[in-house]
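Reader: I want to go through this model term by term. Please show it, then justify each label.

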Amino acid sequence: MSILVNKDTKVIVQGFTGKEGTFHAEQCLAYGTNIVGGVTPNKGGQEHLGKPVFNTVKDAVDTTGATVSMIFVPPAFVADAVMEAADAGIELAVIITEGAPVRDMMYAKQYAVKNNMKTIGPNCPGVITAEECKIGIMPGMIFKKGNVGLISKSGTLTYEGANQVCNEGFGITTAVGIGGDPIIGLSYKQLLPMFEADPETEAIVMIGEIGGDLEIQAAKLIKEQITKPVVAFIAGQTAPKGKRMGHAGAIISGSAGTAKEKMDALEAAGVKVVVSPAEIGKAVAEVLGKK
Amino acid sequence: MNIHEYQAKQIFAKYGVPTPKGKIAHSVEEAVKNAEELGGPIWVVKAQIHAGGRGLGGGVKLAKSIDEVRALADEILGMTLVTHQTGPEGKLVQKVYIEDGADIKDELYLSVVLDRAAEMPIIMASTEGGMDIETVAEKTPEKIIKVAIDPSIGFQGFHGRELVFGLGITDKAEQGKMIKFAQKLYTLYMENDAEMIEINPLIKTGSGDFMALDGKMGFDDSALGRHPDIEAMRDISEEDADEREAAQYGLSYIALDGEIGCMVNGAGLAMGTMDTINYMGGTPANFLDVGGSANAETVAKGFEIILKNPQVKAIFVNIFGGIVRCDRIANGILEATKITDVNVPVIVRLDGTNAPEAAEILKNANIDNIIVGTDLGDGAAKAVAAAKGEL
């Protein structure tokens, strides 16, 4: 078991024949992801990486029965691609592209929600169910199969966390990089209950950062609904006030959204909060008992 | 990207949001000429820098004669203005805005920002204009009115009514004017991909008209490509030179005041690295995210920028190679040390794809000041020790 995706999930790639799309689709195929085709307008009927190319998402879905789309189109076309996927009945869109305008995402997210399509990202490493299905740009080899679910705003911290968990002798069920943009798809609030319901997941690692209040909402939800042990790290304890640290979302204004505030809320909800990401693996070993 | 008050007011004017008449000046002579053209009898001389709190810092002053305009422009142009938002080093004033004095009866606050939780723009308003809004939010949150606008329906009548009744505006003509004001502001927020608009104060004049006496605007950097007119308003003299240089190489750099230079891939891991250094008793000298495509050139540039800071006593390179192979980054670091003279200990932690090969490359290079860290904790500990001269 796992959440969101597994070895049977049929995946298409929007922006399939572009440089990024090609490179990462190839990596995903090598990992074992069931990519059944891709979409590039005006290249319908061609074959790419041994898979069929379609002009529209609708054509791709009709022909292949795909339920998930991995989106690599350039930033200015992200909203259009997301809405096309939603319109075609895709169930989950994983948006890797960085730099999509916020206004575009406002509309795209609303349309996705209206059509019951889940989204992950934008500006994220994607989602991976260890040793089954990788939809994104993460290095597959560090994700060994196991019993820990992982949710992270940051890409490289996802790898760091997963690597430590595996080095301690544990492994990952599913890891989701949710991205750090102002408007994102699935977040802790939706993903934590999925991990709670997944029989294989025995502990959850959540990695957050300064800015916004998603982690505060997560703390509230954990207190009320989550019985599995949660380990958390919040990046940006040493970030200067008012400065932007790469992610558009990581802005502190006033007291709202500071690392301290989030760490306190999570701790009060019974979460094991670590002050350095170097402690994530050890903390997981602690809550699960040494292997 | 942020713009100046006078530029924000140009955009306001384009959308029919009322502002006092004003003109920008780069010299005392120009300031005097502007004042004469505006006619008076009262003018306000306003320093143009990208920071709030200009009035309290002495950058906004009232003039009752042309001579006073001349004296004030002379005083303000070239001054280093220190406000609570500039940091102690302050900012050099290179432009002054000469504006008609306004007949102020009441001061309000109005802003449009993205409400991340609601995922839509929100109009925030308060009767407590002219004050620090964060203090108002903290001490008297009930005095802040919030109206979220769903972009799929846009600004409707009921949004306007929530706003004016919330502000306690009872005069019907004034209600209409305020609703129009807010509606235009929402439109210009959406059409220009603004990230934030703040008007503090928004004034009511003696004749019951509303006017933007101040204006701050910030824009979504990801959307600037479709707004060349706004991109043209960029004032690079307001941006940190090192941060700008780094950006040209795809690096995201922010200077801090510690001793350990950091070079990391990914914003989250970069912040996490700073946190770890701090936790282990050291102080980070900077945030530096080399992004997803670190190579010899960007790594060399990173070293160069970090080493411009004379306080740096050690550098911690922390890369978790995903798609990027660690052996390539190791070679990049060796190349970089040839391009840039690196005269402090460099602790290198490379993990992920081809990490063992990378460690081998660094070891075989046999460079005295390159020290391998085995993981994040080990690397950070060694960096902290090196900065203290204990390694």
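Author: What follows takes contacts, cores, sheet and domains in turn. This is a predicted model, in which local features need pLDDT of at least 70, side-chain atom pairs count only at pLDDT 80 or more, and totals for chains, interfaces and linings use all residues. Residues are numbered from 1 along each chain as its sequence is written, with chains lettered from A and ligands numbered from 1 in the order in which they are written.

Reader: What makes residues of chain A count as in contact with chain B?

Author: Contact means that C-beta atoms, placed from the backbone, lie within 7 Å. By that test, 44 residues of chain A are in contact with 42 residues of chain B. On the chain A side, α4 (102–114), α5 (155–167) and β13 (230–235) each give two or more residues. Helices (H or I, at least four residues) and strands (E, at least two) are DSSP runs, numbered from the N terminus.

Reader: How is that side of chain A divided by class?

Author: It has 23 nonpolar, 14 polar and seven charged residues. Ala, Val, Leu, Ile, Met, Phe, Trp, Tyr, Cys and Pro count as nonpolar; Asp, Glu, Lys and Arg as charged; the others, Gly among them, as polar.

Reader: Why is a set of residues called a nonpolar core?

Author: Because its members are buried Ala, Val, Leu, Ile, Met, Phe, Trp, Tyr and Cys residues joined through C-beta atoms within 7 Å. Buried means that 20 or more other C-beta atoms lie within 10 Å of the residue's own; exposed means 12 or fewer, and partly exposed is in between. The largest such core has 161 residues, and I71(A), V82(A) and V94(A) have the most contacts inside it. Beyond four places in sequence, V82(A) touches residues including I71(A), A93(A) and A108(A). A second, separate core has 37 residues, among them A8(B) and L110(B).

Reader: How do you know that β12(A) pairs with β13(A)?

Author: Pairing takes at least two DSSP bridges between two strands. Six bridges join β12 (residues 203–209) of chain A to β13(A), so the two strands count as a pair, and they run parallel. V205(A) stands opposite V231(A) in β13(A).

Reader: What makes β9 (133–136) and β14 (272–274) of chain A edge strands?

Author: Each pairs on one side only. The open sheet has seven strands, in the order β9-β8-β11-β10-β12-β13-β14 (chain A), with mixed pairing.

Reader: Where do the domain bounds of chain A come from?

Author: From an automatic or database domain assignment. It gives domain 1 (11–120) and domain 2 (138–288). Their C-alpha centres lie 27 Å apart. Each domain gives eight residues to the contact.

Conventions. Contact = placed C-beta atoms within 7 Å.
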